Every structure is written in structure tokens, then in C-alpha cells.
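Got your viewer open? Load the model, switch to a cartoon view, and keep the selection box handy.

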Amino acid sequence: MEIMKELSKEDIKELKEVWSKIKSGTAKSVEDRQNAVLFWNRIAGTKFKKSTGCGACLSSVYNGLKDLYNEFY
């Protein structure tokens, strides 16, 4: 996993909101997918394009957020 920054209470709250929109493995909308990618970029220090269609990139975002969600909730 990428080097993570320490999450603030606001980040943890945002994590819950972002995860609720992608937890099925498919984002409900393009905007939800982009928000997940941008959130992951911010907390993990990655530089994925918000419009990425790269399966490995999206898998990294999904699995990283899943691990964090399981850690905090």
C-alpha cells in the first residue's frame, strides 16, 4: 500500500461517504468514481487521473479504500 498521510476526523467521515458510493465495486456514477480517485490521491499520495479507466489504478483505489474503511469502521 502507498504511504498514507494521517487521516483527520474529516477524512474519516469523507471515507465513509466515498466508500458508500463504491462499495459494490462499481461506482454509481462517473462523479462518484472521480471523487473516490481524487480522495485516494489526496490521502495516499498517488497521482491517478480523476478520469482514469486503468483497471489496475481503479483496483488500487478500491482496495485501498476498502482496507481503510475496514480499519476505521
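Start by selecting D11, E14, L15, V18, K21 and I22 in helix α1, then add D32, A36, F39, R42 and I43 in helix α2: this is where α1 and α2 meet. Contact here means heavy atoms within 4.5 Å. Helices are DSSP runs (H or I, at least four residues), numbered from the N terminus. Colour your selection by residue type and you'll get 6 nonpolar, no polar and 5 charged residues. For that colouring, Ala, Val, Leu, Ile, Met, Phe, Trp, Tyr, Cys and Pro count as nonpolar, Asp, Glu, Lys and Arg as charged, and the others, Gly among them, as polar.

A quick word on what you're looking at: this is a predicted model, where local features need pLDDT of at least 70 and side-chain atom pairs count only at pLDDT 80 or more, while totals for chains, interfaces and linings use all residues. Residues are numbered from 1 along each chain as its sequence is written, and side-chain values use heavy atoms, leaving out hydrogens and water.

Now switch to the helix axes. Those of α1 and α2 come within 10 Å and cross at roughly 145°. Axes are lines fitted to C-alpha atoms, for helices over the stretch in contact, with angles from 0 to 180 degrees between N-to-C directions. The crossing is left-handed, meaning the near helix is turned anticlockwise from the far one by less than a right angle (clockwise would be right-handed).

Next, zoom in on D32, which sits in α2 (residues 30–44). Is D32 buried or exposed? D32 is buried, with a relative accessible area of 12%; buried means under 20%, exposed over 50%, and partly exposed in between (1.4 Å probe, protein chains only). Skip its neighbours within four places in sequence, and D32 touches K21, I22 and A27.

Now select α1 (residues 9–22) and α3 (residues 55–72), whose axes come within 10 Å and cross at roughly 125°. That makes α1 oblique to α3. This crossing is left-handed. To see the contact, pick I12, L15, K16, V18, W19 and I22 in α1 with Y62, L65, K66, L68, Y69 and F72 in α3. These divide into 10 nonpolar, no polar and 2 charged.

Last stop: the largest nonpolar core. Show A36, F39, W40, I43, V61, L65 and L68, which touch the most other members among its 15 residues. The elements giving two or more residues to this core are α1, α2 and α3, and α2 gives the most, with 6.

Key: Angles under 35 degrees count as roughly parallel, over 145 as roughly antiparallel, 65 to 115 as roughly perpendicular and the rest as oblique. A nonpolar core is a set of buried Ala, Val, Leu, Ile, Met, Phe, Trp, Tyr and Cys residues joined through side-chain atoms within 4.5 Å.
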